[in-house]
Amino acid sequence: MTTLWKDDSELFGIARNELFTALVGDVLDKMGYLHQFLPPHIKPLRKDMVVIGRAMPVLEADVFAERQQETHLELMRKPFGIMFEALDQLQPGEVYICSGSSPRYALWGGLMSTRAIAIGAAGAVVDGFSRDTNEILRLNFPTFSQGTYAQDQGPRGKVIDYRVPIEFGGIPVRPGDIVFGDLDGVIIVPREAEEEAFAGAIEKARGEKQVKQALEQGMSTVEAFAKFGIM
C-alpha cells in the first residue's frame with residue numbers, strides 16, 4: 001500500500017500537478033502493459049486540457065432512424081437510446097468514455113458537458129466527434145475526441161449500454177479503470193496496475209527533475225543516464 005496518496009482526490013491532484021501521460025506510459029511499458037494508449041487521433045479540444053478520473057464506459061451503436069418502430073428492442077424506440085440514463089449515472093470524479101460507433105456524428109456536446117459539470121464528472125473521452133465547441137471551451141470541461149463536427153447523433157446513433165467493459169481503438173476499458181489524458185494522448189491504467197504505475201511515474205517525474213538540473217549544469221547525457229538511469 002503506497003503512502004504517496006491516500007485517496008483518488010490526492011492521486012489525481014498529484015497527476016495534474018506533477019505527471020504527464022508519457023511518464024505513466026513508460027512505467028506501464030516496464031510493467032508489461034504495452035498497449036494502453038488510445039489511438040493518437042484522440043485529442044483535447046484545447047491544448048492545455050487534462051483529464052483524469054475513473055472510467056464510466058459507455059457503449060454506442062450506429063442506427064438509421066431516431067425512433068425505430070419495427071424493432072425487437074425497446075431502446076430503439078427512444079431517441080438517443082439510454083444516453084440520458086448513462087449521463088445521469090455519472091459519479092463525481094468519473095470520466096464518460098464512449099466507443100462502439102462509426103465516426104459519422106458527434107458523441108458529446110455542450111448540454112452534456114453542463115450536466116456532467118453539475119454532477120462533478122472529470123471529463124469526456126469519445127471515439128468520435130464532439131460539437132458545441134465554443135460552449136464546451138467556455139465551460140472549460142475536459143473533452144477529448146477525434147475532432148469537432150456538428151452532425152448530431154439523434155438519427156444516427158444510440159447509447160445501448162453503460163458501466164460495462166468496452167474496447168476503444170482496440171484497448172480494453174473497464175468500469176473503474178483510470179483514464180488519464182493530456183495533449184500527448186489518453187492512457188488507460190487498469191485498476192490492478194494503478195498503484196505501481198502511478199508510484200513509478202511519480203518517482204520518475206521527481207528523478208527527471210534531478211536529471212534536468214544535472215544537464216543544465218553541463219553533465220553529458222551519457223553520464224546522466226549512467227548516474228540516474230532516467231532519460
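Helices here are DSSP runs of at least four residues, numbered from the N terminus. With that in hand, we can take a walk through this structure, which is a predicted model.

**Starting at the first helix**

Leu4 sits in the segment before H1. Is Leu4 buried or exposed, or something in between? With a relative accessibility of 34%, Leu4 counts as partly exposed, because that class runs between under 20% for buried and over 50% for exposed. Now look at what surrounds Leu4. Leaving aside neighbours within four places in sequence, Leu4 is in contact with Glu10, Ile14, Ala199, Ile202 and Arg206. One of these partners comes from far along the chain: Leu4 and Ile202 are 198 residues apart in sequence, yet their C-alpha atoms are separated by 8.8 Å.

Helix H1 itself covers residues 8-18, and its buried residues are Leu11, Phe12, Ile14 and Ala15. These residues lie on the same side of H1, because they cover an arc of only 155° around the axis. That buried side packs against strand E2 (51-62), strand E11 (178-182) and helix H6 (194-216). On the face turned away from the buried side, you will find the exposed residues Ser9 and Asn17. The N-terminal end of H1 has a cap: a side-chain oxygen of Asp7 lies 3.3 Å from the backbone nitrogen of Ser9.

**Charged pairs**

Side chains of opposite charge can pair when their charged atoms come close. The model has 13 salt bridges, and the table shows three of the pairs.

| Salt bridge | N to O distance |
|---|---|
| Glu10 and Lys6 | 2.6 Å |
| Glu18 and Arg206 | 2.9 Å |
| Arg77 and Glu74 | 3.0 Å |

The pair of Glu18 and Arg206 ties together parts that are 188 residues apart in sequence, because Glu18 lies in helix H1 and Arg206 in helix H6. Glu18 is partly exposed, with a relative accessible area of 27%, and Arg206 is partly exposed too, at 38%. In the pair of Glu10 and Lys6, Glu10 is partly exposed at 32%, while Lys6 is exposed at 64%. As for the remaining pair in the table, Arg77 is partly exposed at 27%, whereas Glu74 is exposed at 53%. Elsewhere, salt bridges that share partners join Asp8, Arg54 and Glu194 into one network.

**Inside the protein**

In soluble globular proteins, nonpolar side chains tend to be buried together. Which residues touch the most other members of the largest nonpolar core? In this core of 41 residues, they are Leu38, Leu90, Tyr96, Ile97, Trp108, Val125 and Val179. A second, separate core has 21 residues, including Leu11, Leu23, Val24 and Val189. Leu11 is also one of the buried residues of H1.

Val125 gives a good view of the largest core. Not counting residues up to four places away in sequence, Val125 touches Leu38, Ile42, Val51, Val95, Tyr96, Ile97, Cys98, Phe144, Phe168, Val179 and Val186.

**A buried serine**

Our last stop is Ser130, in strand E6 (residues 129-130). Ser130 counts as buried, because its relative accessibility is 0%. What joins the side chains of Ser130 and Ser145? They share a polar contact of 3.1 Å. Beyond residues up to four places away in sequence, Ser130 touches Leu45, Ala106, Trp108, Thr143, Ser145, Gly147, Thr148 and Tyr149.

Conventions:
Residues numbered from 1 in each chain as written. Predicted model: local features only at pLDDT ≥ 70, side-chain atom pairs only at ≥ 80, totals over all residues. Heavy atoms only, no water. Core = buried A, V, L, I, M, F, W, Y, C linked by side-chain atoms within 4.5 Å. Buried < 20%, exposed > 50% of the residue type's maximum accessible area, 1.4 Å probe, protein only. Contact = heavy atoms within 4.5 Å. Helix = DSSP H or I, 4+ residues; strand = E, 2+ residues; numbered from the N terminus. Polar contact = N/O pair within 3.5 Å; in protein donor to acceptor, adjacent residues only side chain to side chain. Arc of directions from axis to C-beta. Salt bridge = Lys/Arg side-chain N within 4 Å of Asp/Glu carboxyl O.
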